[in-house]
Amino acid sequence: MKIAILSRNKKLYSTRRLEEAAIARGHEVDIIDTLHCYMDISSNKPSVRFHGEPLPQYDAIIPRIGASVTFYGTAVVRQFEMMGSFSVNESVAISRSRDKLRSMQLLSRKGIGLPRTGFAHSPDNIKDLISNVGGAPVVIKLLEGTQGIGVVLADTNKAAEGIIEAFMGIKANILVQEYIKEAGGADIRCFVVGGKVVAAMKRQGAPGEFRSNLHRGGSATLVKLTSVERATAVAAAGAMGLNVCGVDLLRSSHGPVVMEVNSSPGLEGIEAATSKDVANMIIEFIENKKSKPHSTKTRGNG
């Protein structure tokens with residue numbers, strides 16, 4: 001097969017591993033910087049151009065679209081889809097998962113476990129917003145934040161009110177969520193490929209840090225999932241319409257709750273913690289799809 005990996009940096013661990021796995025399985029691989037692509041949009045022959053030349057027809061593409069380039073990146077993915085390439089994650093599914101509010105609403109509609117979450121526009125609603133998610137401590141999140149940036153823990157209602165007012169004052173969109181104290185600063189990253197959890201790790205936040213992101217000094221260890229946790233992760237991936245994703249869960253007193261569904265999960269942490277060849281599993285999934293041209297079909301709703 002001829003496969004394109006859409007990545008801004010060919011030296012990144014995840015990009016390198018995917019390339020190595022694809023080549024090892026006998027495929028031809030190109031790594032393409034998404035932001036250097038540009039599109040010829042026409043009804044009879046859409047194309048993607050790169051450094052002055054039209055790109056060839058690819059059997060499949062693997063989008064590694066960073067959060068900061070979601071709009072342009074998904075436009076490029078959509079163009080490849082129009083050309084008939086199979087995308088491991090479809091453009092609409094990537095957009096769906098990147099919008100934290102939209103993704104929470106879609107997960108809620110499917111009855112998937114979530115922390116109590118509030119969203120408001122007017123400062124007049126702040127007190128009731130905090131009360132409705134159970135009161136302080138509460139977690140306040142920027143909708144556009146990544147890797148734990150823009151996530152704040154407010155210990156008191158007064159502190160929460162001040163933080164929310166500050167964010168609203170600069171026209172920032174935020175979510176307010178209940179704080180799952182019993183999680184103890186840890187979450188579980190479930191790596192889903194083709195509707196199955198293929199690997200899982202527990203991420204523990206650094207001492208004094210409630211965020212468990214590895215980018216913020218957290219540590220990762222192998223974890224055994226319960227059947228409910230496994231089913232929750234698979235259902236969350238399905239609700240987003242993602243074939244490959246990382247589903248982040250917290251262990252709460254009322255069962256697993258989904259914090260986020262990541263459409264471009266990193267491979268380094270999960271492969272190191274579990275010793276599993278996740279990159280190879282992704283390439284194997286592409287092979288098993290045996291996708292024909294123009295087989296991409298939007299799944300899920302919203």
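**Exercise 1. Place Leu250 in the fold and decide whether it is buried or exposed.**

Step 1. Leu250 sits in strand 15, which covers residues 244-252. Keep in mind that the model you are looking at is predicted.

Step 2. The relative accessible area of Leu250 is 12%. Buried means under 20%, so Leu250 is buried.

Step 3. Now look for partners beyond four places in sequence: Leu250 is in contact with Ile180, Ala183, Ala186, Asp187, Gly255, Pro256, Val257 and Met259.

Step 4. Finish with a distance. Ile188 lies 62 residues from Leu250 along the chain, and their C-alpha atoms are separated by 6.3 Å.

**Exercise 2. Do the same for Ile130, and find its distance from Ser97.**

Step 1. Ile130 belongs to helix 5.

Step 2. Its relative accessibility is 2%. With the cut-off for buried at under 20%, Ile130 counts as buried.

Step 3. Setting aside residues up to four places away in sequence, Ile130 touches Gly135, Ala136, Val138, Asn157, Ala160, Glu161 and Ile164.

Step 4. Ser97 is 33 residues from Ile130 along the chain, and the two C-alpha atoms are 25 Å apart.

**Exercise 3. Work out how helix 3 and helix 4 are arranged, and which residues make their contact.**

Step 1. A pair of packed helices is described by two things, the angle between the axes and the distance between them.

Step 2. Helix 3 spans residues 91-98 and helix 4 spans residues 100-109; their axes come within 5 Å and cross at roughly 100°.

Step 3. Angles of 65 to 115 degrees count as roughly perpendicular, and helix 3 and helix 4 are therefore roughly perpendicular to each other.

Step 4. Helix 3 contributes Val92, Ser95, Arg96, Ser97 and Arg98 to the contact, while helix 4 brings Lys100, Arg102, Ser103 and Leu106.

Step 5. Sorted by class, this contact has two nonpolar, three polar and four charged residues.

**Exercise 4. Examine the backbone at Pro137, His51 and Lys171.**

Step 1. Start with what to expect: a negative phi in most residues other than glycine, and trans for most peptide bonds.

Step 2. The bond joining Ala136 and Pro137 is a cis peptide bond, with omega at about 0°. Pro137 lies in the loop between helix 5 (126-132) and strand 9 (138-142).

Step 3. His51 is not a glycine, yet it has a positive phi of about 50°. You will find His51 in the loop between strand 4 (47-50) and strand 5 (53-54), and at 59% relative accessibility it counts as exposed.

Step 4. Lys171, also a residue other than glycine, has a positive phi near 60°. Lys171 is in the loop between helix 6 (157-169) and strand 11 (174-178), and its relative accessibility of 73% makes it exposed.

**Exercise 5. Describe the chain as a whole, and decide how its radius of gyration fits the globule rule.**

Step 1. Count the elements: there are nine helices and 16 strands.

Step 2. The radius of gyration is 20 Å, close to the 19 Å that the globule rule gives for 302 residues, so the chain is as compact as a globular protein of that length.

Step 3. Along the principal axes, the C-alpha atoms fill a box of roughly 60 × 40 × 35 Å.

Step 4. Turn to burial and surface. Of the 302 residues, 51% count as buried. The accessible surface is about 14400 Å², and carbon and sulfur atoms account for 51% of that surface.

Step 5. Among contacts with a separation of 6 or more, 67% join residues 24 or more positions apart.

Note on methods. Residues numbered from 1 in each chain as written. Predicted model: local features only at pLDDT ≥ 70, side-chain atom pairs only at ≥ 80, totals over all residues. Heavy atoms only, no water. Axes fitted to C-alpha atoms, helices over the stretch in contact; angles between N-to-C directions. Helix = DSSP H or I, 4+ residues; strand = E, 2+ residues; numbered from the N terminus. Parallel < 35°, antiparallel > 145°, perpendicular 65-115°, else oblique. Contact = heavy atoms within 4.5 Å. Nonpolar A, V, L, I, M, F, W, Y, C, P; charged D, E, K, R; others polar. Rg over C-alpha atoms; globule rule 2.2 N^0.38 Å. Buried < 20%, exposed > 50% of the residue type's maximum accessible area, 1.4 Å probe, protein only. Areas by Shrake-Rupley, 256 points an atom, 1.4 Å probe, with all protein chains shown as cover.
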